[in-house]
Amino acid sequence: VDSGKKLRVGILGCANIAKKNCRAIQASALCGVTVVASRSDQKARDFISEIFEDQNQSSPSALGGEGAYDELLTGTVCDATYIPLPTKLHEEYVAKALSSGKHVLLEKPVAQSALSYREMLSTASQHGKFLMDGTMFVHHSRTEEFIKSIRNPNRVRFSFTFNGCDNFFKNNVRVKKDADFMGCIGDLGWYCVRMGLLVFSQMDSAELRKGLIQEVQVVKYQLNEEGVPLDADCLVYFSGNRVLTFHCSFIHPFTQTCSIYGTGSEYTATLSDAILPYKGDYLSISLTKNELIQYDEICVSESKVIEVDNTDVQEVCMWKNFSKMVAKVDEESKSQESDIENEVWWGGSSDEVKKANAIASYSLHTQIVLDALMESIRLGGAKVKV
């Protein structure tokens, strides 16, 4: 991709999550949507009409029908593709995209197994194309501020839940065994695990390969008739007596609260909008310290707020970063060696290529934890070593 030109992005499928990503792509200034493909021609056209109707830029082209996905991937109207398809289709279409010379931004969960995702990353390395997952919050500066607000953290508690409607449980791919069999663990737990990895590695991806994660356990869960998790309380044990505790659910009221605390600080840091932030010019981190007074009869609380600029919302940040990393992967990976065994899929010395490899490592290790959590369910809630 010419660094002086916008990254041309093709959208593979018209999933609901693709709508906000299309808006973010157009707002990023570094990339733009050039084509949308759907197995239904009408669906592709309706999608374009809804998302691009009020924009001054020219609308992307529409591809419809059974061969639409392959036509997009083998065509020349995009440099990268965004894939929000059901998880069971990821391996097939990621391989096709990469082998056709397209970079890929892939929705989570990224694969049906860590082994499958390793193969995708190897293919990306072989073709010198970038593969990144679509975890939005990692790209916003608030995340780093949140993680570094507590010294020596040893506990992370996360609740990410929503109450699905009847139509959701009847028709949504996230509760179908032959589409996204990990259910709430793959859809919601992904974010909780990712945050735990970032906190306990202190955002240093090299720590992921040093025995950071030890074992996992799903202590309570509810499955639907297809065996897909709808509700799960999970524990992830890290080295140094550190623990991530999280609840992910399709059957509880909407929550998205994450707290960090530990022996290094009197405060607890909390995000009440950890995944889908409130609207505003600034995003907040709450720091709270509680203590007992008057013979331990009364609790008093001291609070302060850290505000972080939100000029670019997290999805826009993600697409800007993706575009920058794509440009550097294209520029550097062909001339510098990769080292897949040490999770260096793209050679290069720039900060963007280093960040690209780090993000891929976090994606892979998030998937490794999800695999272990699903194994815990298969074993009736037993502890599983990672």
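The legends below accompany an overview and several close-up views of a predicted model.

**Figure 1. Overall view of the protein chain in the predicted model.** The secondary structure of the chain amounts to ten helices and 15 strands, and its C-alpha atoms occupy a box of roughly 75 × 50 × 45 Å along the principal axes. The radius of gyration is 21 Å, which agrees with the value near 21 Å that a compact globule of 386 residues would have. Of these 386 residues, 54% count as buried, and among contacts with a separation of 6 or more, 69% are made by residues 24 or more positions apart. Carbon and sulfur atoms contribute 46% of an accessible surface of about 17100 Å².

**Figure 2. The stacked rings of Phe-130 and Phe-322.** The search of the whole structure yields 13 aromatic pairs. In the pair shown here, the ring centres are 5.7 Å apart and the planes stand at 25 degrees, so the arrangement counts as stacked. Because Phe-130 belongs to the loop between α5 (114-127) and β6 (131-133), whereas Phe-322 belongs to helix α9 (residues 314-332), the pair ties together parts of the chain that are 192 residues apart in sequence. Phe-130 and Phe-322 are both buried.

**Figure 3. The tilted pair of Trp-345 and Trp-346 and the aromatic cluster.** With centres 6.3 Å apart and planes at 55 degrees, the rings of Trp-345 and Trp-346 form a pair that is classed as tilted, and both residues are buried. Through ring pairs, these two tryptophans are linked with Tyr-82, Phe-130, Trp-319 and Phe-322 into a cluster, which thus includes the phenylalanines of the preceding figure.

**Figure 4. Lysine side chains placed over tyrosine rings.** Lys-304 lies over the face of Tyr-267, at a distance of 4.6 Å from the ring centre. In a second example, the charged end of Lys-383 is positioned over the ring of Tyr-237, 4.8 Å from the centre of that ring.

**Figure 5. Buried cysteines, Cys-31 and Cys-192, that are in no disulfide.** The structure contains zero disulfides, a disulfide being a pair of cysteine sulfur atoms within 2.5 Å. For Cys-31, the nearest cysteine sulfur is that of Cys-22, 10 Å away, and Cys-31 itself is buried, with a relative accessible area of 1%. For Cys-192, the nearest cysteine sulfur, belonging to Cys-248, is 6.1 Å away, and Cys-192 is likewise buried, at 0% relative accessibility.

Technical notes
Residues are numbered from 1 along each chain as its sequence is written. This is a predicted model: local features need pLDDT of at least 70, side-chain atom pairs count only at pLDDT 80 or more; totals for chains, interfaces and linings use all residues. Side-chain values use heavy atoms; hydrogens and water are left out. Rings of Phe, Tyr and Trp (its six-membered ring) pair if their centres lie within 6.5 Å; planes under 30 degrees apart count as stacked, over 60 as edge-to-face and the rest as tilted. Helices (H or I, at least four residues) and strands (E, at least two) are DSSP runs, numbered from the N terminus. Buried means under 20% relative accessible area, exposed over 50%, partly exposed in between (1.4 Å probe, protein chains only). A charge sits over a ring if NZ of Lys or CZ of Arg is within 6 Å of the ring centre and within 35 degrees of the ring normal. The radius of gyration is taken over C-alpha atoms; the globule rule is 2.2 Å times the number of residues to the power 0.38. Contact means heavy atoms within 4.5 Å. Accessible areas come from the Shrake-Rupley method with a 1.4 Å probe; for residues, only the protein chains shown count as cover.
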